[in-house]
Structures are given as structure tokens and as C-alpha cells.
Amino acid sequence: MFFHTRTPLYVVNHGETGPIRCNRCKAYMCPYMQFIDGGRRYQCGFCNCVSEVPVFYFQHLDHMGRRVDFYERPELSLGSYEFAATLDYCKNNKLPNPPAYIFMIDVSYNNIKSGLVKLICDELKTLLEKLPREEGAESSAIKVGFVTYNKVLHFYNVKSALAQPQMMVVSDTAEMFVPLLDGFLVNYQDSRAVIYNLLDQIPDMFADTNESETVFAPVIQAGVEAFKAAECNGKLFIFHSSMPTAEAPGKLKNRDDKKLVNTEKEKTLFQPQKGVYEQLSKDCVAQGCCVDLFLFPSQYMDMATMADVPSHTGGSVYKYNNFQVETDGEHFLRDLRKDVQKSIGFDAIMRVRTSTGFRATDFFGAIHMNNTTDIEMAAVDCDKAVTVEFKHDDTLSEETGALIQCALLYTTISGQRRLRIHNLSLHCSSQLSELYTRCETDSLINFFAKSAYRAILNQPLKNVREILVNQTAHMLACYRKNCASPSAASQLILPDAMKVFPVYMNSLMKTAPLVGSTELSTDDRAHQRLSVMAMGVEDTQLLLYPRLIPLHTLDVNSEALPAPVRCSEERLTDSGMFLLENGHSMFLWLGQAIPPDLIQSIFNLPSLAHLQGHMPALPELDNPLSKKVRSIINGLLDKRPNSMKLQIVRQRDKPEMLFRQFLVEDKGLHGSASYMDFLCYVHREIRQLLT
């Protein structure tokens, strides 16, 4: 993960000269450079080329051949650090301006009627005080702008000198332009009073609207144009409710067709519509414009196409089906607050260099690739990760190991250009058994999830599922044949480090994108496919194997959480209370024989039967158990990148079906295998491969 460091990294600044780099392969100065010739030259660990040490950087070597300033220089002694970048690393050789955030609100009939527009405007009044800022800075350097839209776009002049905001309308959506330069993107602190007025007025201005049609592509286009005019990068926060059907570029039509499920053509449901949106992604990346999308659909909206731009610009897509302020308002606001406040960098480009013998061949993430080596990201934040596949194409040395350097050039939230460098050295071994003992199962699963989710764009689901099973069987058969001590063929033997591999693999095959069922919503499947593409290892682990916590065994006086139990119905007890979460969904499951005093403590109700309807959150009651359970839930909500809506489920109630599909060791709702069945099936495959 590139933006997720616990403490700020050291910033190395070499002034005008900029970072020191290998003459041949352009790798950056790092612990793998070997100083020779009394410290006057250095040999690159990646390509072995010898380069002169610049005069200002010269330092004597000690009796071990190490520079005497080794520990004072982060770039010689640490795995991760940053370089201040010079003008050569900036677009058009100009230092960047600080980024901007534009809030673009769909004010069509549905969003006004549901109370969403008012909710957003009220929240922004306090949220804009908390825009991200550099360590030690008093206020944020990020500029802000506001647009509302339905079939036409309304831009607002919120210049600090104005008493009232001014609205300018652009109704020609085919030729998108920004009607004002001065006063559109402003410093929040300077224009606070005008912005306050605007946020108060927006819900009233459109209170009587009956316009239900919207445009979408022109909204993104407007954002890109605004950043172009201001010569800055930034992020668009778009709040949108329905498929864009108004006459304009990027107009969409309903192409959801359940008859395609389980056929050769099912892949088209996941493919974005070609044309306008493809070009928009490129324009966004070129301008360093990231798009974050908050969707509030009540029916199909072609998620595969609408989420295409966010998924190539380092953006996120949040989706709230059949949104209601009472039950979903807080859940949405938690997402919005995190999204606005999180650490982020803009206009990023990343390159992965390796020592000889292997090379980076494939990249998965919310990224754009113009060529085969440069990973371009309009923005990169602390919750996004890029998964890289390496191919081993020549001999590797067991002495020196395999070296990797990942360099990320980006613009900070205050407009500084920086290079973030991560160095990694891996052991090489000619022993297969060593490979299996050191196997990183978590990373493997992340990689398989992303490659399977990419593959379904081009092949039938059936093939993709078969490939996953075959690869699992092959990996385990290879271990059995070459590494395991001889034993009866009837035994299934798994390497220690891969004991849980089949559990996760089976769980992956049960996820919505890989299950061909007409009961699943096409938009939900497309949404999950795109979310996973940008996830880090920790997040895919949790998504594929939820945590199931027995809350009825809680000790209210202890800090410790009860140990999670395995995700299977066998582990539930009629008198128990379990919390299940996977980073995206959260359930509180209540057994039908749960003691009434538990219900009283948590819900302030005499019995389970009195529990009615939806509860967006647990009531705040003044007793130790209630406080403890709420603090556990809030702790999880703080920790996870996404908000989760708490769903309360009673044993044997209809909504329990939804909860059951998260018990990943059991049979799936849509005919998918239980963990034990899958294990037997894989075992059969392994035996066939070995005979």
C-alpha cells in the first residue's frame, strides 16, 4: 500500500540537483547501492552499472566499506522515505498549485424529495472545516467549489467579496465549459460566509423542482475543465441518484438483461459502454482529476459504465440502494466524512524497478496505464492498493536476493511535488519446500481475486471458476509431489502456510461477481468487482472471511474482544448474540432463546418479540454491556475504510437469509459449495493430477 504509513516519512531534499539516480536504469539512491573506489563511485544494485558520486554527496567509507554518514541518511539506511522533487518532475516544468475539491450535487426530484440534498448541504458546513492539511499547517491549502445539476449545470460564484453567492447556468451540455474563473474555486476560510449562505439556499432553491432527468458525463467534464482553467489537480465528489437519460453526451439506456447470466455474453454486463466515458477517464488522468461517486439508486443504473471513470482515476464508488435519510443518513455521512478527510496525493505516476532475473508484468488497481511500465493515478489515497504481478524470466542469485524499488511521484495536499520510494529485498531459494513454508497466502488471495475479477470481462464465468479450482489443485499437487513426506494417497496434505488457502478460494468463488445467478443485482455485482480491484490485502482478507464475534461471551471489564469464531452456522447458538462484519456489511444476529436481560441491556426492550423494524444504530443506554457493545461497533466503524450499516437480524426471521450468505464455510444460497465439499473436490483433482 502506498499511502498507508503509520508515521510521516523522512523527506530528503537535495535542493536544485534533485534525487540521485543510477545513470542507466534510473533507480533512485537506496540501501542497495554499493559504494566503491573510496566512496567516489557507486554500483547500482538493480542493473550493476557504476556511476560517479556527485561532489556534494561524497562521503568517506569506514573499514566495512560503508559510508560514515550511513545512519544519518534515510535513503541509505531505510526501506521507505521521500525525496523533494525538482521542476524536472513537474508538468510543464512549473510547480503545481494546491489541489481543489468540487462538490457536485444532483438536485433532481428524487434527491430533493428524499431529503438527501439538505443532508449534504448541512453536513458540508461543518465538514469543510476538516479538509486534510499538511503536518503542522494551520489550515488546509485545498480550494473548494460547488455545482448543482439536473439536466443543466449550475455553477456558483462564492468569492469572499460577495454578500450573496451568484448562480450561473450552463444548459448546453454538449459543449461543456466553466462560465466563471474567478470565484468558482476558493479558499474555504476566506469565503466561509458566502459558502454558508449557498449551502443554506440550495435545498430551498430547488424545493419545488419536478425535473427528474439527469446528465452525468458533462458533470465530470465540467470538473476537468475547472481544474484545467485553474491549473490544478483535485477531486470531484459527485452525489447522483439515477441513470443519466437526458439528451447529452454519455446518455445511458437500460441494458440489464438477466437472460445473459450463465451464457457466453454474461461478460457484457460487466463491461462499460465504450466511447464518451473511456475518453473522460483519459482526460481526468491527464489533469490529475479524481472522481468519487456517491450513488443513491432505486433501480438499475448501469454501474459498470457509471463507475468506469472513478475506477481508473483512483476514485471510490459508494452505493446506497433505496436511500432513506432516517435509516441510511448516518451511514452515508460516515463515508462522506472519511472520504473528505483522508490522506491523499494527486497526479501520481508510479514505476516499479527490479534487479535482473524478474520483472513487473501486470498491475491491478484503480489506475490507468498508457504504456506497459507507467502506472498513472489521478489520485492515490490511504485506502487504495496496487497489486503487482512479477514474472521470473532468468536466473536469480541466492546471495543477493531479488530487489524491488517502487517509486511514486505525486503532488501533496499543499501542492508540493514529492517522490515516495519503497525498497524491498526478497530471499531467493532453489528449494520448492522453502517457497511453500514462506508462502504469503493473504497476498496470493488478493492477487487471485483481482485476476479473476479482471478475467470475467473477457471470458465466461464458468471458465474463470474452473481456472481458479485448477490453479488451487496444481499448487497443492506440486507440494504433495515434491515437498511432502510420503503418505497414503487418500490423505489431503496442505503446507502449513497455505492451510487456509482453500477456505479463501472457495469463498472467492461464492462472491457475487463470480456466481451466475439471476437473483443477484447486476449493479451490485459490477460494484463489488470494481471495489475489489483497488483493495489492499487486509481488506480482501476480511471481505472473503468475515469476523464473527460472540458478543454474549463479552467480559465488560476487559479490554479484550471475544475471539472470533469460524464462519459457519454450526458456531451459532440459540441463546447467543453474534456480531458479523466484513468491512462492507455488519450484522447483529440474535438467537431466538437469547436471555431477556441481554435484550433489555442492549435495546431497552423486555423481549426479542418487541424488536420491530429497522434500527440505524443501537440505542445509547447507560449500562456497562450497552456501552461496551457500542464501543466495539464504533471501533470497527472507525477502523474500516468504509462505513457499514448495522443490520439487526433475528434467528429464523426472513432477513436472516441475507446474513447467512456471509457464513462462508456453509453452502451458498445460489448453489455454491460448502468449504468441506470444495475441499473434497480439490482433493479429487489433486489425486487425478498425481496419477
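This is a short talk on three sheet regions of one chain and the helices that pack on them.

Before the details, a reminder that we are looking at a predicted model. The domain assignment splits the chain into domain 1 at residues 19-78, domain 2 at 98-343 and domain 3 at 546-661. Between the C-alpha centres of domain 1 and domain 3 the distance is 56 Å.

I will start with strand β11, residues 234-240. How many of the seven residues of β11 are buried? Seven of the seven are, so the strand is largely enclosed by the rest of the structure. Buried here means under 20% relative accessible area. It helps to take the two faces separately. In a regular strand, side chains alternate between the two faces of the sheet. On one side of β11 we have Gly 234, Leu 236, Ile 238 and His 240, and on the other Lys 235, Phe 237 and Phe 239; every one of these is buried, and both faces are covered.

Now the neighbours of this strand. β11 pairs with strand β6, residues 100-106, in the parallel sense, through six bridges. It also pairs with strand β12, residues 289-295, again parallel, through seven bridges. Lys 235 is a useful residue to find on screen. Its bridge partner in β6 is Tyr 101, and its bridge partner in β12 is Cys 290. To get from β11 to β12, follow helix α6, residues 276-287: the three elements form a right-handed β-α-β unit.

Helix α6 also takes us to the next sheet. Which strands does α6 lie across? They are β14, residues 344-354, together with β16 and β17, and the helix runs at about 70° to β17. Those three strands belong to an open sheet of seven, in the order β1-β5-β20-β19-β14-β17-β16, with mixed pairing. At the edges are β1, residues 11-12, and β16, residues 368-369; each has a single partner strand, so one side of each is left without a neighbour in the sheet. For β16, the antiparallel pairing with β17, residues 375-381, consists of two bridges. Met 369 is found opposite Ile 375 of β17.

A UniProt record, an unreviewed entry, places the feature "domain: Sec23/Sec24 beta-sandwich" at residues 345-428. Over that stretch the model has 62% strand and 0% helix, with the end C-alpha atoms 34 Å apart.

Last, the region towards the end of the numbering I gave for domain 3. Here there is an open sheet of four strands, ordered β21-β22-β23-β24, and the pairing is mixed. Its edge strands, β21 at 547-550 and β24 at 646-650, each pair on one side only. From one strand to the next, the twist averages 20°. Helix α16, residues 596-603, packs on this sheet and touches β22, β23 and β24, with its direction at about 145° to that of β23. A further helix, α17, residues 624-639, lies across β21, β22, β23 and β24 and runs at about 5° to β22.

Within the sheet, β23, residues 586-590, and β24 are parallel and share five bridges. One residue pair to look for is Leu 590 with its bridge partner Arg 650 in β24.

UniProt, also from an unreviewed entry, places "domain: Gelsolin-like" at residues 561-633. Over those residues the chain is 25% helix and 14% strand, and the end C-alpha atoms lie 11 Å apart.

How values were computed. Residues are numbered from 1 along each chain as its sequence is written. This is a predicted model: local features need pLDDT of at least 70, side-chain atom pairs count only at pLDDT 80 or more; totals for chains, interfaces and linings use all residues. Side-chain values use heavy atoms; hydrogens and water are left out. Buried means under 20% relative accessible area, exposed over 50%, partly exposed in between (1.4 Å probe, protein chains only). Two strands pair if DSSP finds at least two bridges between them. A crossover is right-handed if, with the strands pointing away from the viewer, the path from the first strand over the helix to the second runs clockwise. Contact means heavy atoms within 4.5 Å. Axes are lines fitted to C-alpha atoms, for helices over the stretch in contact, and angles run from 0 to 180 degrees between N-to-C directions. UniProt positions are given in the numbering used here, feature names are shortened, and annotations may be inferred rather than shown by experiment. Domain bounds come from an automatic or database domain assignment.
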